[in-house]
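Good morning, colleagues. Please have the sequence and the structure open as I speak, and follow each element as I name it.

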Amino acid sequence: MDIISTRAYNVRDLGHIMSLLEALTPSERNFGKHLVFDKGEILYHEGDTCPGLFIVSRGKMKIVSFTLSGREVVYNQMGEGECFGGNLCFSASPHFRGAVIGESAGEALLFEEEDALKIMGENQTFLRQFLLQQSEFAKSLNFKIKLLSFSSARERVEYFLQSHEGKYTYSTITGLSETLMLSREALSRLLHEMEREGALSWEKKNILLK
């Protein structure tokens, strides 16, 4: 199955953002409903009402939808200390735009709207970290939308490298392909082609735009 990922960011990659779990006091954690999920378990279906703010305490979750051709679209992936539903539950139409699924076995805390508002009103550290996560999510999502606006894979790669000052070091080619929303094979083929043309240099895990 083909997969498109619109993963926004990873809280562990952002040094100025702390885990929301760290910002909660022990008594505030008690406001949360404890959820346990298995890998592949669907907690909420697309169209279900979002009941509040979720914070992942262990494992990973994702929000996905499917195109008519069966392609999986990953709207967001959340790891430990990351949240989702915080904007949605306060909206006029608080319905999930995709299914909420356990990407691995894990646990999460669910804070109903009133409890989330109470914590934000009394805990400035939590509020600040929540807003930072949401702003980073929005910025990175806008970047993803910009990438998708390019009609060709080559333009997408060139824009991505230019936005990183012409050079980028990746962990895995699969991870980079997910970031660029290209298949692993298409990305590898394109990078080899651009390297042969002299448009970039590609050595080990370092890519340099020329």
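I begin with Met-181, which is buried, with a relative accessible area of 10%. The model is a predicted one. Met-181 sits in the loop between α6 and α7, and its phi is near 60°, a positive value in a residue other than glycine.

A second residue invites attention on the same grounds. Glu-165 also has a phi near 60°, again positive and again not in a glycine. Glu-165 belongs to the loop between α5 and β10, the latter being residues 167–169. Is Glu-165 buried or exposed? Its relative accessible area is 72%, and it therefore counts as exposed, since the cut-off for that term is over 50%.

Let me turn to helix α7, residues 184–197. Its 14 residues should span 20 Å at 1.5 Å a residue, and the end C-alpha atoms are indeed 20 Å apart. Which residues of α7 are buried? They are Leu-187, Ser-188, Leu-190, Leu-191 and Met-194. These residues cover an arc of only 165° around the axis, so they lie on the same side of α7. The cover over them includes α5, α6, β11 at 200–203 and β12 at 206–209. On the face turned away from that buried side, α7 carries the exposed residues Glu-185, Arg-189 and Arg-196.

Of these, I single out Glu-185. Its relative accessibility is 52%, which is why it counts as exposed. Its C-alpha atom is separated by 9.4 Å from that of Ile-173, 12 residues apart along the chain. At the other end of the helix, just after α7, Gly-198 adopts a positive phi of about 85°.

Next comes helix α4, residues 124–148. It has 25 residues and reaches 36 Å from first C-alpha to last, close to the 36 Å expected at 1.5 Å a residue. Its N-terminal end is capped by Asn-123, with a side-chain oxygen 3.1 Å from the backbone nitrogen of Thr-125. The buried residues of α4 include Phe-126, Phe-130 and Leu-147, and also polar or charged ones, among them Gln-129, Gln-133, Glu-136 and Lys-144. What lies over the buried residues of α4? The cover includes α1 (20–23), β4 (52–58), β7 (83–84), α3 (113–122), α5 (153–163) and α6 (173–180).

Two of those strands, β4 and β7, bring us to a sheet. It is an open sheet of 4 strands in the order β2-β9-β4-β7, with antiparallel pairing. Its edge strands are β2, residues 33–37, and β7, each pairing on one side only. Within the sheet, β4 and β9 (residues 106–112) are joined in the antiparallel sense over 6 bridges, and Phe-54 stands opposite Leu-110 in β9. Helix α3 packs on this sheet, touching β4 and β9, and its direction makes about 85° with that of β9.

I close with strand β8, residues 99–102. In a regular strand, side chains alternate between the two faces of the sheet. In β8 both faces are covered: Ala-99 and Ile-101 are buried on one side, and Val-100 and Gly-102 are buried on the other. Which strands pair with β8? Strand β3, residues 42–44, runs antiparallel to β8 and is joined to it by 2 bridges, with Tyr-44 partnered by Val-100. Strand β5, residues 61–66, pairs with β8 in the antiparallel sense over 4 bridges, and there Met-61 has Gly-102 as its bridge partner.

Technical notes:
Residues are numbered from 1 along each chain as its sequence is written. This is a predicted model: local features need pLDDT of at least 70, side-chain atom pairs count only at pLDDT 80 or more; totals for chains, interfaces and linings use all residues. Side-chain values use heavy atoms; hydrogens and water are left out. The expected span of a helix is 1.5 Å times one less than its number of residues. Buried means under 20% relative accessible area, exposed over 50%, partly exposed in between (1.4 Å probe, protein chains only). Contact means heavy atoms within 4.5 Å. A polar contact is a pair of N or O atoms within 3.5 Å; within protein, one must be able to donate a hydrogen and the other to accept it, and residues adjacent in sequence count only if both atoms are side-chain atoms. The arc is that of the directions from the helix axis to the C-beta atoms. Two strands pair if DSSP finds at least two bridges between them. Axes are lines fitted to C-alpha atoms, for helices over the stretch in contact, and angles run from 0 to 180 degrees between N-to-C directions.
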